[in-house]
Amino acid sequence: MWETILGFVSLMLVAVSLCFSAVQTREVAKQSRINNGIGSATALMEVNNLSRAWHDRLLENPPLRAYFFDRKPSAPTDTDRSVVITLAELLADVLECELQVAGLLPDFRFAHSWHRWPAHMLEQSPVLAEVVESQPDWWPTLHELWRSTGESGPATVTHPLAGGVAATSTRVPRRRR
């Protein structure tokens, strides 16, 4: 009789322990989702801050905007060539950072589409493309994105780090050679 009672009490204690463990697991999962959301928001804010800092430099010298948004080439003899190259390198850093962050946050709601701005900038800025092509090891993800735009005809471009074609594709015009 005592064995039966002790067995029943033990079974009840195990059941209570399992229920408590389930509640703890649920709370840990909830806290992880909250922390992931905070991390994603922080990453997004940091990328936006980097982008804003780069745009602020363009505001300081508006004529340079054409090199990045209007497909204006930068000849080696241009007087502002060193400033344009430096801005292109800074922009490449910003875009590489954006692509890397998106690769770390593939479940973040918009991370799969973060390659669109870098792809657009590579198309609009010959000097940016030149800088990225000249040092592919410095900006490997951006270089991979640039290479993917060089196929004949309109290319389907995907984020080099964040998932498959179905989730990340966009149409980008063929790059000029």
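This note goes through the nonpolar cores, one helix pair and the cysteines of a predicted model.

1. Local features are described where pLDDT is at least 70 and side-chain atom pairs at pLDDT 80 or more, while totals for chains, interfaces and linings use all residues. Residues are numbered from 1 along each chain, and side-chain values rest on heavy atoms, with hydrogens and water left out.

2. The largest nonpolar core (buried Ala, Val, Leu, Ile, Met, Phe, Trp, Tyr and Cys residues joined through side-chain atoms within 4.5 Å; buried means under 20% relative accessible area, with a 1.4 Å probe and protein chains only) has 27 residues, and Trp 54, Phe 68, Met 121, Leu 128 and Leu 142 have the most contacts inside it. Helix 3 (81–104; helices are DSSP runs of H or I, at least four residues, numbered from the N terminus) is among the helices that each supply at least two of its residues, and the largest share, nine residues, comes from helix 3.

3. A second, separate core has six residues, including Val 47 and Val 101.

4. Setting aside neighbours within four places in sequence, Phe 68 has contacts (heavy atoms within 4.5 Å) with Trp 54, Leu 58, Met 121 and Val 127, among others.

5. Among the residues of helix 3 that meet helix 5 are Val 84, Ala 88 and Leu 95, and among their counterparts in helix 5 are Leu 128 and Val 131.

6. No disulfides (cysteine sulfur atoms within 2.5 Å) are counted. Cys 19, at 51% relative accessibility, is exposed (over 50%), whereas Cys 97, at 26%, is partly exposed (in between).
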